[in-house]
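Biologist: Could you take me through the charged contacts and the surface of this protein?
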Amino acid sequence: MKLLDVARRRHLHVPLGAVVVLLALVFVIVLWQGCDDSTRTLKLSYKPADFTQQRRRSVRLFIGVVSGCGNIARRMAIRRTWGLDARLERVVFVLANPGNTSLLDSVVQEALNYRDIVLVNHVQEHYFNITYQTLEIYRSAFTFGKQLTHVMKCD
């Protein structure tokens, strides 16, 4: 029992306030080291001119929309609104196999009419298979052929 008491007495108990003050002091020292010696102002790691140069590059955006086969009206709404934006490189709708032949025939007809549907035929349409549709978006963007700067996935 005496050995346990000796171990407890050697334990250092530091109040929480002292730890906070010590961490704040270390933070100030680290900031002070990153300052310029002549003016003691913090150095910036980027130049505003570099930032504006990056903003001037043109954005080439590819958008992939995961859609259900029965959502024809929703796809038409996208085609009539923001899908027409000339700033977009391409908008594609990624659909999985619905398992219903009549619905699949209407999707194939829509794909032939609009040329913006990617059908993942080997995957059944289900919530747990959205990952396969997302991977198909990135594969389609990669094989698109143009040099894209951004790829976006929408539901």
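Modeller: The salt bridges come before the surface in what follows. This is a predicted model, in which local features need pLDDT of at least 70, side-chain atom pairs count only at pLDDT 80 or more, and totals for chains, interfaces and linings use all residues. Residues are numbered from 1 along each chain as its sequence is written, and side-chain values use heavy atoms, with hydrogens and water left out.

Biologist: How many salt bridges does the structure hold?
Modeller: There are seven salt bridges, each being a side-chain nitrogen of Lys or Arg within 4 Å of a carboxyl oxygen of Asp or Glu.

Biologist: Which residue forms a salt bridge with Arg75?
Modeller: Arg75 pairs with Glu110, and their closest N and O atoms are 2.8 Å apart. Arg75 belongs to helix H4 (residues 72-80) and Glu110 to helix H5 (residues 101-114), so the contact ties together parts 35 residues apart in sequence. Helices are DSSP runs (H or I, at least four residues) and strands likewise (E, at least two), numbered from the N terminus.

Biologist: Are Arg75 and Glu110 buried or exposed?
Modeller: Both Arg75 and Glu110 are buried. Buried means under 20% relative accessible area, exposed over 50%, and partly exposed in between (1.4 Å probe, protein chains only).

Biologist: And what about Glu89?
Modeller: Glu89 forms a salt bridge with Arg60, with the closest N and O atoms 3.5 Å apart. Glu89 lies in strand E2 (residues 88-97), whereas Arg60 is in the loop between helix H3 (48-56) and strand E1 (61-66), 29 residues apart. Glu89 counts as partly exposed because its relative accessibility is 24%.

Biologist: Turning to the surface, where does Leu119 lie?
Modeller: Leu119 is in strand E3 (residues 117-124), and at 31% relative accessibility Leu119 counts as partly exposed.
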